[in-house]
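Here's a quick briefing to read alongside the model. Take a look at the picture and the sequence before you go on.

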Amino acid sequence: MEIIISDEVKAGIEGKALKVDEIKALINGAEASKDKITNGSKFLAKKKLGDVTVYADYSEEGGALKVNSVYAHKMILQDIVMDTADTEWTYVKTGAKIRKGHTNLSFMGATRSAPSLVDPASGESWLEEYLAAKTIAVAEMLFSQKRA
Amino acid sequence: MGYEELFPKNDLSGWHANAAKRFASPFVDNFHDRIDVDPIILSNAAVNCGFTIRDFYEKPELGIHCVGYISELFDLLPVTHWFFSLPWVRELGMTLEYKETLPPVPTGPILDADGVEGLEPICKTDLQNGSTIPLFFNLYDYVQKNLPHTLVPISYGFDLVGASAELIGVEEFIMWTFTEPDLAHKLVDTYVQTSINGAEVMADKFGFAMLIVGSVLANNDIFSDDAVEEFSAKKMGTYVDQCFRRGAGPQVFYHLCGNHETDYKVFKENLLWSPFNVLHIGYQGQKVFPSDLLKSEFQDVTTCMGSVDTKLMINPNPAKVYEQAKESLLAGRDSKKGFILGNSCETPPYTIPGNLLAMVRAARDFGTYGTW
């Protein structure tokens, strides 16, 4: 399926030192493996690229896949700490209901938890964009400062 | 003359450099020196510098400079804070008055049921033109200029239930939780939304803003576990979630003041746990909340803060403080995500200096990393 990426989203991808082709490969991989979650109107897929975990938020529109946004975090997803409630998200690969929860993240030798979307059965976790782009981004900066 | 002229500079290369490394320890597992002591010093710092409790609250820049200065005396935190428990209520129409021996207190309730029905959250623009935001902007501008090594921009939700209750009167609010629960929820939700807007204004200016939020009025002396969950824990979770969405955080200090004998169980699943949070619980019944229970329940999601009873801090018996601090440290010091030693609430204004020294001595004796 064709993947449409606007100039604005492309600029955001390049601003994160990522390549557009890498994002297309991420999405193609998620489509082939069904390793993605959906809330009925859009999909969220993730892949570790080098030192960062990259997410593509995309929708199906008129027979093509439109990329809404791309974001990333350096903290490494580890084990699920707890899950507390169902969400609107479903794991396409298994049909499992995605839960609201917390996941351990490791970074620079420390492990701390953060709010996340989780699938307890597979152990998979996803961070939503607002967390990765704001809360976790500042946390990574503070970790770097405090570990210095 | 500015307040900064009243104080010698902090020892930056000696005390502060060491305290800063120590302060980072529980959050990033870069263990340095010993477990930190945070007695939640507020007006006690002013008293220790020869000023009054009223001075502390009426002159925030003086108050925060006292905190920054006196922290060096007791080898406490390398960061400063200044606050009182009722942010944002003036924007919602309440009048506060300064007292000689207390933080600012409300002159009385201002709303009835009809008033709450029509109550709306205060928007960002109105907050910027109110009193809380200008107060904190001026305060942090002062810190940036005069104590930059101690600056942590903080936005206070503080006691979401307690501050809301003051708007109609605390007794009335407690009644409403039984007789008019929808109105009680509307009142708290309005205060919560106003506090979220305030946090966003702070984050807009500083790029981030530590959050301090607590459950003070909502405790087991007054409410059931279910009521604490509905009126406090869930609202605190919403507050932090929405603040994160708007760029505030990631640091969060959760302060559960008062008796949380059984309601502590409702907080873990309702709060949001970020990579940088501290949880502090004051009491279990009449006794300080046990650090071993705090650790076992919460160490997988947060840095834990144990307590020495604030009542002991004005008792002329430093040995008793030392023993309780020791007990807390031995029980909590190996918490998976770090441990801090505190008081069960703000250190009293007339805390005996020897008692603060006893806490720090205990932290050196039983909280030095690498000795257990």
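Is B:Leu6 buried, exposed or partly exposed? B:Leu6 is partly exposed, because 14 other C-beta atoms sit within 10 Å (20 or more would make it buried and 12 or fewer exposed, with C-beta atoms placed from the backbone). Keep in mind that this is a predicted model, where local features need pLDDT of at least 70 and side-chain atom pairs pLDDT 80 or more, while totals for chains, interfaces and linings use all residues. Residues are numbered from 1 along each chain as its sequence is written, with chains lettered from A and ligands numbered from 1 in the order written.

**Around B:Leu6**
- You'll find B:Leu6 in the segment before α1 of chain B (helices are DSSP runs of H or I with at least four residues, strands are E runs of at least two, and both are numbered from the N terminus).
- B:Leu6 and B:Ser274 are 268 residues apart along the chain, and their C-alpha atoms are separated by 38 Å.

**Where the chains meet**
- Chain B puts 20 residues in contact with 21 residues of chain A (contact: C-beta atoms, placed from the backbone, within 7 Å).
- On chain B's side, α1 (12-28) and α11 (225-245) are the elements that give two or more residues.
- The most comes from α1(B), with three residues.

**Two helices of chain B**
- Helix α10 (residues 181-206) of chain B has 26 residues and reaches 37 Å from first C-alpha to last, close to the expected 38 Å (1.5 Å times one less than the number of residues).
- Just after α10(B), B:Gly207 takes a positive phi of about 90°.
- The buried residues of α13(B) include B:Val321 and B:Leu329.

Notes
Contact = placed C-beta atoms within 7 Å.
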